[in-house]
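Trainee: Could you take me through one part of this model slowly? I would like to see how a single helix sits in its surroundings, and then how that fits into the rest.

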Amino acid sequence: MSTSAIARRYAKALVQLGAEEGQVDKFNGELTRINAVLAANTELSSLFSNPAYGNEAKKEILKDIIGKLSLSALVSNFLQLLLDRSRLSLLPVIAESYGTFADDLSGVIRPTLTSGLPLDESQVEAIKQSLAVSTGKKVLLKVEVNPALIGGVVTKIGDKVFDGSVRTQLAKIQDILQKG
Amino acid sequence: MIRIRKPGMSSYVITASACLVLAGLAAVGYASEGGEGAHHVDTAKQMKDFAWRCLDFAALAAIAVWAVKKANVKGMLAERQAAIEKMLREAVEAREQAEKKFREYSDKLEKANKEIDEISAAMKLEGKIEKARIIAEATSAAEKIRVQAQRAADHEVLKARAELREEAARLAVELAEKKIRENIEKHDQDKLVGDYISKVVTLH
């Protein structure tokens, strides 16, 4: 089984527990925080993956981190389980998968909105509303500017793309002209 | 084949022997005649001489008859005649055979000439057919080549047209992009965003 598949299984199990506890978003935040801490501190990550250190010593260090981050008991146990099974290195993938599952569960989508020219706040909000109406989900937009688009906007939700850019329209016109 | 029979060696020996005997007897006759001389005529002697002469003649005749009989001249002549007749018959047969062969070879020659004529005619006909076939094949091949060349030319024309169209489209779009980049303003972007929003809303 691939590591991503294993990570998805762990993430799915934690999401289910979070859903039962009604703390899906809270767990998501905690996972994101500890993942950020480990990502920022490469020595710490190396320590957890180094077999020269004993498991007990690693557990003590992990408990200290958990205590400083004030993580919930369920997330603490989850992290210790990962440590026991030497799966702590999968935490970045687990956190990402958890975010996806949590978004699905709570009806949230996180599209990326790319614009050829900078957008007004009102325009971003209008697009957000239109996407919410179109998908029926809560929309958390990530806005970017790409001058290559010339004008217009492109929204990417997962593997779906809503393209309203001038660049794409020009490409269509060129295709039509070429085909005659 | 004609064969001529030669007379036997014994016949020649017998004839020669008879001639020698006759010559001897004649010599004896002359010898007795010479010994008496030309004194006076003695009738008794004359009679004796005559008797000797008769005896001599009789012996000579007997020997001659005997020699002739022994030599079998008649048989030889008959044999010779038969041989000549046989030779003539054989010559006639040979001539007939030769004439027959001549007729046979004439027929064969005529037949061969006929066959040669027929073969020649057949070859000419076959040549004509082959010629027609080769011309037909060449015509067909030429037509195929012409069609292929036409197709290739059409293909090249289409390709050139497509390339020209592609290039024209690329240039047109490049020009349009340049113009848009130079002239796009805030209200254009607002309009594009407005259109986009209305389309997104109607998507679901």
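Mentor: Happy to; here is a close look at one helix of chain A, followed by its surroundings and the partner chain. Please keep in mind that this is a predicted model, with an ipTM of 0.70 and a pTM of 0.53.

Let us start with helix H6 of chain A, residues 91-106. This helix has 16 residues, and its first and last C-alpha atoms are 22 Å apart, close to the 22 Å expected at 1.5 Å a residue. Its buried residues are Leu91(A), Ile94(A), Ala95(A), Ser97(A), Tyr98(A), Phe101(A) and Ala102(A). If you look down the axis of H6(A), these buried residues fall within an arc of 170 degrees, so they line one face of the helix. That spacing fits a general rule: an α-helix has 3.6 residues a turn, so residues three or four places apart point the same way.

What does the buried side of H6(A) pack against? Its partners are three helices of chain A, namely H1 (3-21), H2 (24-40) and H5 (73-84). For one example, take Ile94(A): leaving aside its neighbours within four places in sequence, Ile94(A) is in contact with Ala7(A), Tyr10(A) and Ala11(A).

This packing brings us to the largest nonpolar core, which has 20 residues. Ile94(A) and Tyr98(A) are among the residues with the most contacts inside this core, together with Ala11(A), Leu14(A), Val15(A), Leu31(A) and Val75(A). H1, H2, H5 and H6 of chain A each give two or more residues to the core, and H6(A) supplies the largest share, six residues. Apart from this core lies another, of 14 residues, and its members include Val139(A) and Ile150(A) as well as Leu192(B) and Ile197(B).

Now for the ends of our helix and the loops. H6(A) is followed by Gly107(A), whose phi is positive, near 70 degrees. On the other side, the loop between H5 and H6 of chain A holds Ser86(A). Phi of Ser86(A) is positive too, near 55 degrees, although this residue is not a glycine. Ser86(A) has 13 other C-beta atoms within 10 Å, so it counts as partly exposed. Ser70(A), in the loop between helix H4 (55-69) and H5 of chain A, also has a positive phi near 55 degrees. Here the count is 9 C-beta neighbours inside 10 Å, which means that Ser70(A) is exposed.

Finally, let us turn to the partner. Chain B has four helices and zero strands, and buried residues make up 3% of its 204 residues. Of the contacts in chain B between residues at least 6 apart in sequence, 90% join residues at least 24 apart. Where the two chains meet, 24 residues of chain B and 23 residues of chain A take part. On the chain B side, helix H3 (73-183) and helix H4 (186-203) each give two or more residues. That side is made up of 14 nonpolar, two polar and eight charged residues.

A word on confidence before you go back to the bench. The pLDDT of chain B averages 84, and 80% of the residues score at least 70. Confidence in chain B is highest in H3(B), at a mean of 93, and lowest in helix H1 of chain B (residues 9-36), at 62. Over residues 1-7 of chain B pLDDT stays under 50, and the model has eight contacts beyond four places in sequence for them.

Note on methods. Residues are numbered from 1 along each chain as its sequence is written. Chains are lettered from A and ligands numbered from 1 in the order in which they are written. This is a predicted model: local features need pLDDT of at least 70, side-chain atom pairs count only at pLDDT 80 or more; totals for chains, interfaces and linings use all residues. Two residues are in contact if their C-beta atoms, placed from the backbone, lie within 7 Å. Ala, Val, Leu, Ile, Met, Phe, Trp, Tyr, Cys and Pro count as nonpolar, Asp, Glu, Lys and Arg as charged, and the others, Gly among them, as polar. The expected span of a helix is 1.5 Å times one less than its number of residues. A residue is buried if 20 or more other C-beta atoms lie within 10 Å of its own, exposed if 12 or fewer, and partly exposed in between; C-beta atoms are placed from the backbone. The arc is that of the directions from the helix axis to the C-beta atoms. A nonpolar core is a set of buried Ala, Val, Leu, Ile, Met, Phe, Trp, Tyr and Cys residues joined through C-beta atoms within 7 Å. pLDDT is the predictor's confidence in each residue, from 0 to 100.
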